Amino acid sequence: MNPAELLRRSVIGVGPYVPGAGARELKARTGRTDLIRLNWNENLLGPLDGVLDALAASLPDEVWAYPEEAYEEFRHAVARWAGADPAQVIPGHGIQALTLSLVAALVEPGDRVVIPRPTYGLYASVCAVAGAEVIRVETDPDTLAFDLGALAREAREVDAKLVFVCDPNNPTGLRAGRRDWDAFVASLPDRCLAVVDEAYADYIEPSERIDRLSDIDAGRPVVVLRTFSKIFGLAGLRLGYLLVNESLAPHLHAVQEPFNVNSAALAAGLASLERVGQLPARRAQAARARARLIAPLIPAGIRTLGSNASFVLVQVGGDDVAVCETLAREGWLLRAGSEFGLPGFVRVTIGDEQLMERVGAALVAAVGARR
């Protein structure tokens, strides 16, 4: 069999999404079995208190059946929390699966898609596989902030079908302002949809977030992706949802797998939504942890970006891969910026304050040694 004779031409050469080296690979390479994973933006705190007990209690009654009732219950629970109508909520097997569904429903070969760089790498690969022409718009080389005005101008120039915005952006942690966002949406070309990934938005105080549901309700060309992987600590269960205009929802359901979210994920999601009162404490803890990581870096002359997410981007200069290898041998698993187009940077997932203090000191030592 010759796969090239069977595959769609747009698939050839794209390759899989690569999240970076895993803990198992690095444990084998470094000989350490105590590596602390700070490279994939997992929540080291785990699920909210009480969620695992609620999940375990639900499984005997639910695993034998398709999750039809739990699916609807979850949609209504999300709608209540988000202030949406249940018809606007589309659950999915994580943001990755929901991105695939969006692209499957909307993108045809030859369509143009505008994506900033750097940002989460899956958007570009999924659109390329669908046969789209992917146009990248570089962020400001000094601040690394994406320019919403530049994204809209490029979308108009190429008559784009989709524009992807990750807010706060991964890997920088930077977020968009409300005024810039309003101008961006107003200046998009006809027949162009803004796809907004809000995976890290829960780390921003609710009063400071951009209310994109109001855009959706007003009929503006916006859809929103959200996840339970980050502040809720459920990455291993793969649970997320889309917020969309009701007119678009049936067409997205048409390309979704039936019952595509498993019973365990739905039960954990429901239990999490019953405990959202714990989120303010998690947001505050994340802010303290970011500050503890950054504190020793500033006097050492090591630049960091003002993150609004569960990670911090650190400019180590020089060989970022070598810095990550040095820290891996000491037990810290970080993400090299070279893997996502930012050589000289490393991305550090935050954990508890004491852990971040130790990581900050290790970074100062590693960067100082290389200098």
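In the predicted model, the largest nonpolar core comprises 114 residues, among which F184 and L363 touch the most other members. Helix α10, spanning residues 263-273, supplies the largest share of this core, with eight residues. Beyond its neighbours within four places in sequence, L363 contacts L293, L297, I302, V314, V316, V323, L327, L334, V346 and V348. A second core, separate from this one, consists of seven residues, including L174, L305, L313 and F340.

Seven strands form an open sheet with mixed pairing, in the order β2-β8-β7-β6-β5-β3-β4. The edge positions are taken by β2 (89-92) and β4 (133-138); each has a single partner strand, so one side of each lacks a neighbour in the sheet. From one strand to the next, the twist averages 20°.

At the β4 edge, the pairing with β3 (residues 112-117) is parallel and extends over six bridges. V134 in β4 is the bridge partner of V113.

Two helices that pack on the sheet were examined. Helix α3, residues 68-82, touches β2, β7 (222-227) and β8 (240-243), and the direction of this helix makes about 125° with that of β2. Helix α5, residues 122-129, also packs on the sheet, where its contacts are with β3, β4, β5 (162-166) and β6 (193-197). The angle between the directions of α5 and β4 is about 155°. Each of the two edge strands is thus touched by one of these helices, β2 by α3 and β4 by α5.

Key
Residues are numbered from 1 along each chain as its sequence is written. This is a predicted model: local features need pLDDT of at least 70, side-chain atom pairs count only at pLDDT 80 or more; totals for chains, interfaces and linings use all residues. Side-chain values use heavy atoms; hydrogens and water are left out. Two strands pair if DSSP finds at least two bridges between them. Helices (H or I, at least four residues) and strands (E, at least two) are DSSP runs, numbered from the N terminus. Axes are lines fitted to C-alpha atoms, for helices over the stretch in contact, and angles run from 0 to 180 degrees between N-to-C directions. Contact means heavy atoms within 4.5 Å. A nonpolar core is a set of buried Ala, Val, Leu, Ile, Met, Phe, Trp, Tyr and Cys residues joined through side-chain atoms within 4.5 Å. Buried means under 20% relative accessible area, exposed over 50%, partly exposed in between (1.4 Å probe, protein chains only).
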